[in-house]
Amino acid sequence: PGSLPPLPPPPPLLIYPDAVSEADVATAGSFVGGAVEFLHGFDHVVWAGDLNYRVEFGAPSTKGEFEKVLGLIRGERWRHLLEHGDQLRREMRAGRVFHGFKEGPVTFAPTYRMEQGPGTEGVYGNKRFQSPSYTDRVLYRSRPGAHGDLDQTAYGACHDVLCSDHRPVYAAFLLRVGSPCARLESIAPPSIRRQHPESSRCASV
């Protein structure tokens, strides 16, 4: 008997850390080379983590700017910090990063860089005059036609968690999920199918 033909080589594995590192979040949301459309493969995407964008007003890592940011925090001027000093908001407005994403209202103080341990609630560390910043964020986006299905219901920070120089952030969402679509002929008993010949059409169940 003749030998069997060789099996084709398996497709390359898509390792998650490598996939994320190669994702082009700024523009089309495709991996380098266009092999996989990462962001457009889902109805909704929630992107959370330490994005490492900083607050700066043109003089980063200086005593004057550090003290200016602390003053804005004491005055709870979150909107001024975000609209005028936040690097992430600036880059998103320019269309250079996280295209199509949005962020809920931020009504809390910057979450980095904090002192750690008991008695440090609300105390910012001074590491070479790096200004306190909103490095930890939750962004989200929905595909066209599905924007009304995902609502953010909460967005905040846990400033009483003192075990890290980052204070954790959290977000909650309300997701509306549609009914699956199935053909009645595949699930209904014969008596029902005879009564409803239109059952070959797709129906929500």
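Reader: Hi! Leaving out residues up to four places away in sequence, what does Tyr134 touch?
Author: Hello! In this predicted model, Tyr134 touches Tyr53, Val55, Trp78, Leu81, Leu82, Asp86, Val106, Phe108, Ala109 and Pro110.

Reader: And which residues of the largest nonpolar core touch the most other members?
Author: Tyr134 is one of them, along with Ile73, Trp78, Leu81, Val106, Phe108 and Tyr124. The core has 18 residues.

Reader: Which elements give two or more residues to this core?
Author: Those are helix H2 (63-74), helix H3 (78-85) and strand S3 (150-157). H2 gives the most, with 5 residues.

Reader: Is there another core, and what does it include? I'd like a few names.
Author: A second, separate core has 11 residues, including Leu88, Met92, Phe101 and Leu139. As background, nonpolar side chains tend to be buried together in soluble globular proteins.

Reader: Back to H2 for a moment. Is Ile73 buried or exposed?
Author: Ile73, which sits in helix H2, is buried because its relative accessibility is 10%, under the 20% cut-off. Setting aside neighbours within four places in sequence, Ile73 is in contact with Trp78, Leu81, Ala109, Pro110, Tyr124 and Pro132.

Reader: How far is Ile73 from Gly122, C-alpha to C-alpha?
Author: They are 9.9 Å apart in space, with their positions 49 residues apart in sequence.

Reader: Now H3. Which of its residues are buried?
Author: The buried residues of H3 are Trp78, Leu81, Leu82 and Gly85. They fall within an arc of 115 degrees seen down the helix axis, so they line one face of H3. On the general side, an α-helix has 3.6 residues a turn, so residues three or four places apart point the same way.

Reader: Nice. What do the buried residues of H3 pack against?
Author: They pack against H2, H4 and S2.

Reader: Switching to polar stuff: where is Thr111 found?
Author: Thr111 is in the loop between helix H4 (87-93) and strand S2 (136-142). At 1% relative accessibility, Thr111 counts as buried.

Reader: What does its side chain make a polar contact with?
Author: The side chain of Thr111 makes one with the side chain of Asp136, at 2.7 Å. Beyond four places in sequence, the contacts of Thr111 include Ser133, Asp136, His166 and Arg167.

Reader: Arg167 caught my eye. Is Arg167 buried or exposed?
Author: Arg167 is buried, with a relative accessible area of 0%. This arginine lies in the loop between S3 and strand S4 (169-175).

Reader: Which backbone oxygen does the side chain of Arg167 reach at 2.9 Å?
Author: That is the backbone oxygen of Glu115. The backbone oxygen of Ser164 also lies 2.7 Å from a polar atom of the Arg167 side chain. Among the contacts of Arg167 beyond four places in sequence are Thr111, Met114, Asp136 and Cys158.

Reader: Speaking of cysteines, how many disulfides does the structure hold?
Author: The structure holds 0 disulfides. Cys158 counts as partly exposed at 25% relative accessibility, while Cys163 is exposed, with a relative accessible area of 64%.

Reader: Last one before I set anything up: what pLDDT does the chain average?
Author: The average is 82, and 70% of the residues score at least 70. Over residues 28-36 the pLDDT is below 50, and that stretch has 20 contacts in the model beyond near neighbours in sequence. Residues 199-205 are also below 50, with 22 such contacts.

Definitions and conventions
Residues are numbered from 1 along each chain as its sequence is written. This is a predicted model: local features need pLDDT of at least 70, side-chain atom pairs count only at pLDDT 80 or more; totals for chains, interfaces and linings use all residues. Side-chain values use heavy atoms; hydrogens and water are left out. A nonpolar core is a set of buried Ala, Val, Leu, Ile, Met, Phe, Trp, Tyr and Cys residues joined through side-chain atoms within 4.5 Å. Buried means under 20% relative accessible area, exposed over 50%, partly exposed in between (1.4 Å probe, protein chains only). Helices (H or I, at least four residues) and strands (E, at least two) are DSSP runs, numbered from the N terminus. Contact means heavy atoms within 4.5 Å. A disulfide is a pair of cysteine sulfur atoms within 2.5 Å. pLDDT is the predictor's confidence in each residue, from 0 to 100. A polar contact is a pair of N or O atoms within 3.5 Å; within protein, one must be able to donate a hydrogen and the other to accept it, and residues adjacent in sequence count only if both atoms are side-chain atoms. The arc is that of the directions from the helix axis to the C-beta atoms.
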